[in-house]
Amino acid sequence: MEVKKSPKADLEGKKSTWLLIGYVIVLAFMFVAFEWTKRDVKIDMTQAVTEVQFEEEIMPITETPPDPIAPPPAEAPKVAELLEIVDDNSDVEESTDILTEDNLPTKPKAEVKYVPVQVVEEEPEEQTIFEVVEQMPEFPGGQAALMQYLGKNIKYPTIAQEQGTQGRVIVQFVVNKDGSIVDALVMRSVDPYLDKEALRVINTMPKWTPGKQRGKPVRVKYTVPVTFRLQ
């Protein structure tokens, strides 16, 4: 059976038109609703801002009490003077003592004793012996003159010559403040005979120029090698 439709009853052609009309109606209702809410709502700003009141705190005024005044010192009690009233007819003994050399009171005499002053003699301190000073002691004429002096005055011991003994003897001594030679001793020995001869020559040397420290002569140790050599 074939279904027949009338072209007048077909609503598919008007579907889009009615859809647009519906959109317009909905938008109109929404516009009216928004306009109505904005006009009716009112904001009361009268009480929004209020004045803030600060309460001032009144500080009490305090005063420092003045220092108490000390009471004045109490007055010393007055001693009443006692006056002794004497009758005019009474006899009053008056005594006047005259001081003379005879009746002066004797005073103890001071005794003066002589105490001898004891003078303590200070023992001279041991003089310091220096090893190195600002100005070292020197043989008269210098080091070359010293070597010449030793070469001329040394006498080679006969026993040492026969035995063929030779070597260098080192002698140490002290040059005093006045340049004299003292305390000579052998620091390195070679032979007893050679050592003895070396000491003899050193002790017979003339006075040296003394060493000086800070411009003053001092005692200084000095070392001299004495060489014995057979030719």
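Me: Surface patches join residues with over 30% relative accessible area and no salt bridge: like charges within 9 Å, nonpolar side chains (Val, Leu, Ile, Met, Phe, Trp, Tyr) within 5 Å. What is the area of the nonpolar patch made by W18, I21, I25 and F29?

Reply: This is a predicted model: local features need pLDDT of at least 70, side-chain atom pairs 80 or more, while totals for chains, interfaces and linings use all residues. Residues count from 1 along each chain as its sequence is written, and side-chain values use heavy atoms, without hydrogens or water. By Shrake-Rupley with a 1.4 Å probe, only the protein chains shown covering residues, the patch measures about 470 Å².

Me: Is F29 buried or exposed?

Reply: F29 sits in helix α1 (residues 15–40), helices being DSSP runs of H or I, at least four residues, and strands runs of E, at least two. Buried means under 20% relative accessible area, exposed over 50%, partly exposed in between. At 62%, F29 is therefore exposed.

Me: Which residue forms a salt bridge with D183?

Reply: A salt bridge puts a Lys or Arg side-chain nitrogen within 4 Å of an Asp or Glu carboxyl oxygen. The whole structure has 2. D183 in strand β3 pairs with a residue in strand β5, so the bridge ties parts 36 residues apart in sequence. At 3.9 Å, N to O, the partner is R219.

Me: How far is D195 from the nearest side chain of opposite charge?

Reply: D195 lies in helix α4 (residues 192–203). D195 is buried and has no salt bridge. With Lys and Arg positive, Asp and Glu negative, and His and chain ends not counted, the nearest opposite charge is R188, at 8.8 Å.

Key. Buried < 20%, exposed > 50% of the residue type's maximum accessible area, 1.4 Å probe, protein only.
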